[in-house]
2 protein chains.
Amino acid sequence: MSRGVADIDDRAGFSQKRANAAAVLDYAWDRGAFTASDAIEATGLTRSTVIALADDLVERGWFCELPNARAAGEYRKGRPARRYELRSSAGVVVGVDAGQHCVTAAVADLRGRELARAYTEIDEDSAEQRLTVADTVIAKALGDIGLQERSILCVTVGVPAPTDLHGVSPEGEQGFWSRMNPGFAAHLRERGERSGWLIEVENDANLAALAEGALGAGVGASSYITLMTGERLGAGYVVDGHLVRGKRGAAGELRLLSLVEGVGSTQGIAALLRTWALEARASGTVDASSPILKTPEAKLGAEVVFRTAESGDPAALALLDRMAERLARICAVLGGLLDVERIVFSGAVADSLGLLLPRTAARLDELTHSPAPDLAASTLHGGVVSTGAVVRALQIVRANAIALEPLDPIREQTIPF
Amino acid sequence: MSRGVADIDDRAGFSQKRANAAAVLDYAWDRGAFTASDAIEATGLTRSTVIALADDLVERGWFCELPNARAAGEYRKGRPARRYELRSSAGVVVGVDAGQHCVTAAVADLRGRELARAYTEIDEDSAEQRLTVADTVIAKALGDIGLQERSILCVTVGVPAPTDLHGVSPEGEQGFWSRMNPGFAAHLRERGERSGWLIEVENDANLAALAEGALGAGVGASSYITLMTGERLGAGYVVDGHLVRGKRGAAGELRLLSLVEGVGSTQGIAALLRTWALEARASGTVDASSPILKTPEAKLGAEVVFRTAESGDPAALALLDRMAERLARICAVLGGLLDVERIVFSGAVADSLGLLLPRTAARLDELTHSPAPDLAASTLHGGVVSTGAVVRALQIVRANAIALEPLDPIREQTIPF
DNA sequence: CTGATTAAATCTAGGTGTTAAATCAACTCC
DNA sequence: GGAGTTGATTTAACACCTAGATTTAATCAG
């Protein structure tokens with residue numbers, strides 16, 4: 001569980017106050033304003049205790065006390081209750097998508113509202129560069145809203161590589177993985193320890209899965225898979241509410257799907273549709289009027305195929321059917337082996353799946369006996385990984401909140417955006 | 001987590017004493033005799049507190065106090081320490097394997113020592129019968145060692161069907177699953193509530209996986225798969241230390257493996273080797289001296305093939321190679337998709353895999369790029385499921401211990417076996 | 001405007017459980 | 001038998017929670 005997070009309290013015995021404070025804080029986390037009575041009911045503690053704890057948390061900067069009870073229209077007779085709320089500006093989290101070609105950093109408050117976002121493209125793949133680029137992108141995002149590093153409570157970095165419990169990636173083929181993750185964990189941990197924030201380095205598909213589960217098409221499902229499907233396929237599994245990582249964090253690497261009949265490679269939808277479209281054009285079977293023939297070769301990609309199919313073009317539809325067959329097989333195997341209720345398609349092509357998804361679902365239904373998993377397209381457009389990183393960072397902060405010291409509660413009302 | 005277990009305490013606020021007592025009890029669980037000083041170090045609590053808690057637990061029947069410190073040879077100077085130990089006879093757990101043809105019940109003490117075992121075969125498949133047979137088999141096992149129902153702390157039942165969080169199985173094809181699990185959960189829960197024990201109904205392969213992880217070939221691995229491979233294939237996944245169950249508990253149902261090239265059906269090793277041996281014999285390509293030709297048809301099964309192969313028979317070895325290829329593909333897909341470090345072969349044929357496993361491993365190595373999972377044969381012979389049920393029951397008792405009342409500490413020394 | 005009503009805050013006394021420090025007990029070793 | 005060592009026991013103080021009485025801040029009815 002701790003995963004690279006500094007273990008702050010290793011006492012096994014419990015401090016009652018600490019535990020109760022954690023309960024109140026946790027209750028407040030996903031709730032808006034609340035009164036002492038609300039917390040009393042939720043925690044089973046006495047009024048005196050709850051109020052003492054809440055005042056404590058106000059003093060420590062986690063809560064702010066709201067003006068008065070009746071303001072919110074929800075008036076009830078009797079003495080107005082004091083109202084508290086999690087101080088969403090008690091600190092920020094940073095979610096970084098350290099992708100192959102581009103590094104993005106998103107800064108969010110404790111409610112998950114995105115306050116800033118910055119990115120830089122990377123040309124050269126030197127290890128050094130990836131680390132320093134991440135540093136500067138984070139600094140840039142923070143700078144845009146006038147915050148300093150000490151506002152950070154947690155930084156989570158997503159990398160296109162499996163990561164173990166310490167955020168370290170294995171070598172991988174031709175060292176790709178260790179090039180993508182050249183020691184983010186160690187680098188950030190060192191800085192985090194100085195500045196007092198927690199860190200985590202996690203596989204990008206896993207973070208995407210968390211994003212979908214928290215905000216996207218995975219909401220409400222306790223078992224689902226997120227398929228990242230741009231140029232290459234990758235998956236993040238959430239089963240029984242837990243992220244499934246595997247020994248080296250490589251669960252969700254789909255290379256072995258090549259053993260499934262009719263699947264072959266692990267190329268993504270975008271890559272494959274492009275290849276197929278070029279093949280079709282070369283085969284001479286495509287109608288002369290079809291955009292698949294008319295589009296210039298350099299521009300012929302998945303987007304074109306999707307758009308062309310929507311206008312009823314038979315050649316494009318044939319390609320979609322072929323893709324549906326392939327995706328259905330992938331979903332059947334993954335969904336069948338893991339018994340998930342939903343499979344979310346995420347990544348660049350997610351917005352264009354209108355025609356493809358129903359076809360895939362129909363085919364999937366034929367392949368499976370028991371109820372097949374639902375298929376859904378991500379609603380999170382780009383930035384899934386950085387969003388997932390923010391989601392994960394918030395989870396980490398929430399789990400460790402009582403052990404953390406938030407910003408001094410001076411600049412109370414300043415929510416930059 | 002609770003999974004059919006009666007939720008005894010739903011207060012959110014914490015009782016400090018209760019939590020500390022739980023810590024001490026949990027510390028004692030997988031430890032032999034220990035002194036107060038040991039527990040002090042482990043829990044971080046004060047001597048006074050630990051001793052008070054320990055005495056409390058002695059009074060409640062969870063601990064017994066052992067004679068004196070120096071007895072155990074581990075003498076150190078100074079005043080001899082009081083020594084405590086988990087009272088393994090504080091109660092028993094019952095693990096039931098409610099298989100298709102046979103119901104087995106194992107009774108074990110809190111240390112996991114098996115005290116009794118009973119079984120009955122089932123001829124007819126009436127739902128009623130399965131429930132009552134389970135009752136009588138449990139009663140028989142208990143009776144053999146002169147215990148009464150109120151000694152039971154938890155009953156776990158393994159069924160050859162997926163189970164959801166409440167222990168309920170879906171319909172399944174031709175109602176097989178609901179015939180195998182005709183409401184064990186509801187039936188036992190009712191009885192358990194009267195007699196004060198916890199219950200759980202779980203898929204048999206999942207229980208086998210837990211058994212392997214606790215006592216068998218899965219020990220030491222945090223991510224492994226147990227393949228149950230008798231007549232039909234089934235798997236239990238443990239990834240990152242968690243059992244992976246899936247929405248309906250059907251993770252590990254391998255029907256969809258039929259989509260993998262070279263795997264085809266989900267028949268088990270025993271079933272398939274029998275079929276293949278008969279095919280080979282019919283094909284006329286088998287040497288006349290081979291036992292595969294000479295064994296009477298009714299006796300020609302997996303056992304014969306394994307034994308024959310060991311004497312170097314080419315026909316039998318060819319069958320093993322064919323099987324190795326198939327198993328390697330299964331392992332490659334499962335191991336690759338889930339990133340496990342080990343795959344354990346469990347079930348009836350586990351003892352005969354001496355020749356098959358190395359061949360499978362070699363082929364598996366070719367199929368995977370990254371380090372392939374280790375392959376291991378179960379060392380638990382028959383009874384894996386009931387053993388797993390006991391393991392699971394003990395987990396449940398451990399997790400809920402402070403909320404349970406053990407037997408009155410009267411018959412202290414009576415450990416029947 | 002006054003007093004009744006209501007709901008919540010605040011105050012107070014008491015109890016439970018933990019700690020820290022001092023003291024006592026049971027050993028061994030010389 | 002006395003010094004030395006380790007751990008149990010005792011004691012007082014403290015931390016935190018609870019329950020109940022009291023007070024406060026509001027509405028509402030007349």
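**Entry 1: chain A overall**

Helices here are DSSP runs of H or I with at least four residues, strands are runs of E with at least two, and both are numbered from the N terminus. With that settled, I counted 13 helices and 13 strands in chain A. Note to self: this is a predicted model.

I looked up the overall dimensions next. The C-alpha trace of chain A spans about 80 × 50 × 40 Å along its principal axes. A compact globule of 417 residues would have a radius of gyration near 22 Å, and the 24 Å of chain A agrees with that. I also checked burial: 55% of the 417 residues of chain A count as buried. For contacts between residues at least 6 apart in sequence, I find that 66% join residues at least 24 apart.

**Entry 2: the five-stranded sheet**

In what order do the five strands of the open sheet in chain A run? I read it as β6-β5-β4-β7-β8, with mixed pairing. The edges are β6 (114–121) and β8 (198–203) of chain A; each has a single partner strand, so one side of each has no neighbour in the sheet. I get an average turn of 15° between neighbouring strands of this sheet, direction ignored.

Then I went through some pairings. β4 (residues 92–98) and β7 (residues 152–159) of chain A are parallel, with six bridges between them. One spot to click on is A:Val94, whose bridge partner in β7(A) is A:Val155. Helix α13 (residues 384–400) of chain A packs on this sheet and touches β4, β5 (102–108), β6, β7 and β8 of chain A. I note that the direction of α13 makes about 140° with that of β4(A).

On to β7(A) and β8(A): they also pair in the parallel sense, over six bridges. There I found A:Thr156 opposite A:Glu200 in β8(A). Is β8(A) enclosed or open to the outside? Six of the six residues of β8(A) are buried, so I put it down as largely enclosed by the rest of the structure.

**Entry 3: β9, β10 and β11 of chain A**

I moved to β10 (residues 233–239) of chain A. Seven of its seven residues are buried, so the rest of the structure largely encloses this strand. In a regular strand the side chains alternate between the two faces of the sheet. I therefore wanted each face separately, and both faces of β10(A) turn out to be covered. On one side I list A:Leu233, A:Ala235, A:Tyr237 and A:Val239, on the other A:Gly234, A:Gly236 and A:Val238, all buried.

What does β10(A) pair with? Strand β9 (residues 224–229) of chain A runs antiparallel to β10(A), joined by six bridges. Within that pairing I see A:Ile225 opposite A:Tyr237. The two strands form a hairpin with three residues between them.

Strand β11 (residues 242–244) of chain A is antiparallel to β10(A) as well, with three bridges. The bridge partner of A:Val238 in β11(A) is A:Leu243. This is another hairpin, with two residues between β10(A) and β11(A). I jotted down A:Asp240 in its turn, which has a positive phi of about 55°.

**Entry 4: aromatic rings**

How many aromatic pairs does the whole structure hold? My search gave nine over all chains. I opened B:Phe34 and B:Phe63 in detail: their ring centres are 5.7 Å apart and their planes at 80°, so I call the pair edge-to-face, given that over 60 degrees is the cut-off. B:Phe34 is in strand β1 (residues 34–35) of chain B and B:Phe63 in strand β2 (residues 63–66) of chain B, 29 residues apart. B:Phe34 is buried at a relative accessible area of 2%, and B:Phe63 is buried at 2% too.

B:Phe63 also pairs with B:Tyr84, with centres 6.5 Å apart and planes at 45°, so I logged this one as tilted. B:Tyr84 lies in strand β3 (residues 83–86) of chain B, so the pair ties together parts 21 residues apart in sequence. B:Tyr84 is buried.

In chain A, I found one aromatic cluster formed by A:Tyr27, A:Phe34, A:Phe63 and A:Tyr84.

**Entry 5: charge over a ring**

Last lookup: Arg over Trp. The charged end of A:Arg322 sits over the ring of A:Trp276, 3.9 Å from its centre. In chain B, I have B:Arg322 over the face of B:Trp276, at 3.9 Å from the ring centre.

Key:
Residues are numbered from 1 along each chain as its sequence is written. Chains are lettered from A and ligands numbered from 1 in the order in which they are written. This is a predicted model: local features need pLDDT of at least 70, side-chain atom pairs count only at pLDDT 80 or more; totals for chains, interfaces and linings use all residues. Side-chain values use heavy atoms; hydrogens and water are left out. Two strands pair if DSSP finds at least two bridges between them. Axes are lines fitted to C-alpha atoms, for helices over the stretch in contact, and angles run from 0 to 180 degrees between N-to-C directions. Contact means heavy atoms within 4.5 Å. Rings of Phe, Tyr and Trp (its six-membered ring) pair if their centres lie within 6.5 Å; planes under 30 degrees apart count as stacked, over 60 as edge-to-face and the rest as tilted. Buried means under 20% relative accessible area, exposed over 50%, partly exposed in between (1.4 Å probe, protein chains only). A charge sits over a ring if NZ of Lys or CZ of Arg is within 6 Å of the ring centre and within 35 degrees of the ring normal. The radius of gyration is taken over C-alpha atoms; the globule rule is 2.2 Å times the number of residues to the power 0.38.
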